[in-house]
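Q: Please take a close look at the surroundings of the ligand, and then set that part in the context of the rest of the fold.

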Amino acid sequence: MAPIKAALLGFGTVGQGVYEALKTHREQLQAVLGEEVVIEGILVKDGSKKREVDDHVLITTDFDEILNIDGLEVVFEAIVGEEPGFTYLSRALDKGCHVITANKVMFARHGRTLLDKAEALDRYVGYEATTAGGTPIIRSISQLLQVNEIYSVEAILNGTSNFILTNMREKGLPFHEVLKSAQKLGYAEADPASDIEGYDAFYKLMILSELSFGETPKWEDVERKGITEVTAEQISVFKDWGYKVKHLARIRRDRDQFISSVKPMLVDADYPLYGVEDVQNAIMVETSLAGKVTVQGAGAGKLPTASAMVEDLTYVLQPHSLRRKKNSASISEEGSTEDTNSTLVGEYVVIGSSEGFHGADEVEILKQEVKGDLVYLLIECQVSTALLLEENRDLVVYEVAGKLKKAEGRAEQKDLLLKKVINL
Ligand SMILES: NC(=O)c1ccc[n+]([C@@H]2O[C@H](COP(=O)([O-])OP(=O)(O)OC[C@H]3O[C@@H](n4cnc5c(N)ncnc54)[C@H](OP(=O)(O)O)[C@@H]3O)[C@@H](O)[C@H]2O)c1
């Protein structure tokens, strides 16, 4: 039988991984697909670099040459940024190809457009590799959505941040020192901004939101914070109190509104993602029937990411592959697990001047420690810490994950502002 002809856009870490995986797993793929998969062409930016590929493979900087490959069925995309990836994949779909991408920046922005186009053309878009690399989270959510509703997604989506936070805690080292060793080990890019400032996790969260809820919040409404301001002293105090700092990406849809954030938070040993360390990623999905489902694994890297793309290929080309289920934008009234009419309280650690600061509504101090000029307070208060921050501009606030609960019998005090000064 004729081989399945494929092309690769990009031949960096991921592109080379896909090329290698297709070769090393040729027999397994042939057994599943019934035919061999052959890379016929590779698009690169710099045509002068030497590429280690078979002689028959076309290496080009001209995308039209890729599209003109006779009988091309599949295009893998592993280049960087929104463009030209989006235009190339749109054109590949128009040409009748299935497309498989690892490009989260492009897919977060244009995924819906590509999926709609593919559906209209009876083609397929694989995007497992865009989110949490080697973990099968896209397929897991797609599978769950066949019957379940999804209430929330909570995840560790950036391996670099998780590695840095883990090592700061375990070795007692400051942020910049651990970042340097992450760069030496190849876990962090020379320009790590996207990882450590939370953008990478944000894009992935938006992809998961679109899949889980059929839409995303307005991007500017999502609180996004990286890990650059987490200090070794904070980590040490939190460790003594039984908490780890984790960079969490969270989204929950409550009726017609989203509650979402990407930021460092505190987790204790009861929290399901507490044990997810180093470069590992993990995603916990709360569903209507299956309850909480957690997927954990390598979030990036040459072969784990290639694995996701090659697995996508088997879904693209198999007759019983998992097809996209159009997700309705509405959620049933009883679907929400929290009642927004009652007051919710959560736990936070606030760090401020040890000379005292203004407290806000319904603050209850559970624990405190003074470290030099700073005081660390574990408090229980209403969900919004906005008032605290409004009155104490320099306050650092960490939310404790998984501690949100209804304040029984306190609803009538919802608007009460105590305005007391916490003096120590
Ligand atoms: N690395 C990971 O672990 C990982 C995991 C999941 C997802 N991803 C995503 O996968 C994509 C690729 O990542 P990577 O780490 O493989 O990047 P990379 O090592 O920097 O490689 C990028 C490749 O794309 C090519 N390229 C860049 N701009 C191009 C353009 N305008 N036209 C044609 N080719 C172009 C480059 O060509 P030259 O070789 O000529 O420079 C290079 O081969 C990114 O979107 C990334 O976010 C990466």
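A: The account below begins with the ligand and moves outwards to the sheets, the loops and the confidence of the model.

The model is a predicted one, and the description of the ligand and its neighbours should be read with that in mind. The shell around the ligand is made up of 22 residues, and those that come nearest are Phe11, Val14, Asp46, Ile79 and Gly301. Sorted by class, this shell contains 11 nonpolar, six polar and five charged residues.

Several backbone atoms approach oxygen atoms of the ligand. For Phe11, a backbone N or O atom is found 2.8 Å from a ligand oxygen; for Thr13, a polar backbone atom lies 3.0 Å from an oxygen atom of the ligand; and for Val14, the separation between a polar backbone atom and a ligand oxygen is 2.8 Å. On its own the ligand has 900 Å² of accessible area, of which the protein covers 78%. Phe11 and Val14 thus appear both in the list of nearest residues and, through their backbone atoms, opposite oxygen atoms of the ligand.

Turning to the sheets, one of them is an open sheet of six strands with parallel pairing, in the order S3-S2-S1-S4-S5-S6. Its edges are formed by strand S3, residues 58-60, and strand S6, residues 125-126, each of which pairs on one side only. At the S3 edge, strand S2, covering residues 37-43, runs parallel to S3 and is joined to it by three bridges, with Ile42 standing opposite Ile59 of S3.

Two loops that involve strands of this sheet carry backbone features worth inspecting. Between strand S4 (72-77) and helix H4 (85-94) there is a loop that contains Pro84, and the peptide bond leading from Glu83 to Pro84 is cis, with omega near 10°. The loop between S6 and helix H6 (137-144) holds Ala132, a residue that is not a glycine but nevertheless has a positive phi of about 60°.

Another open sheet also consists of six strands, here in the order S8-S10-S9-S7-S11-S12, and its pairing is mixed. Strand S8 (223-224) and strand S12 (292-298) are the edge strands, pairing on one side only. S8 is held to strand S10, which spans residues 257-267, by two bridges in the parallel sense, and within this pairing Glu223 stands opposite Ser261 of S10.

A further pairing brings together strand S15 (residues 364-371) and strand S16 (residues 374-382), which run antiparallel and are joined by seven bridges. Gln368 faces Leu377 of S16, and in the hairpin that these strands make, with two residues between them, Gly372 adopts a positive phi near 60°.

Finally, confidence varies along the chain. The average pLDDT of the protein is 89, and 89% of the residues score at least 70. Residues 329-338, however, have a pLDDT under 50 throughout, although the model gives this stretch 21 contacts beyond four places in sequence. Residues 410-421 likewise have a pLDDT below 50, and for them the model shows 30 contacts beyond near neighbours in sequence. The contacts drawn for residues 329-338 and for residues 410-421 should accordingly be read together with those low scores.

Terms used: Residues numbered from 1 in each chain as written. Predicted model: local features only at pLDDT ≥ 70, side-chain atom pairs only at ≥ 80, totals over all residues. Heavy atoms only, no water. Near = heavy atom within 4 Å. Polar contact = N/O pair within 3.5 Å; in protein donor to acceptor, adjacent residues only side chain to side chain. Areas by Shrake-Rupley, 256 points an atom, 1.4 Å probe, with all protein chains shown as cover. Nonpolar A, V, L, I, M, F, W, Y, C, P; charged D, E, K, R; others polar. pLDDT = per-residue confidence, 0-100. Contact = heavy atoms within 4.5 Å. Pairing = 2+ DSSP bridges. Helix = DSSP H or I, 4+ residues; strand = E, 2+ residues; numbered from the N terminus.
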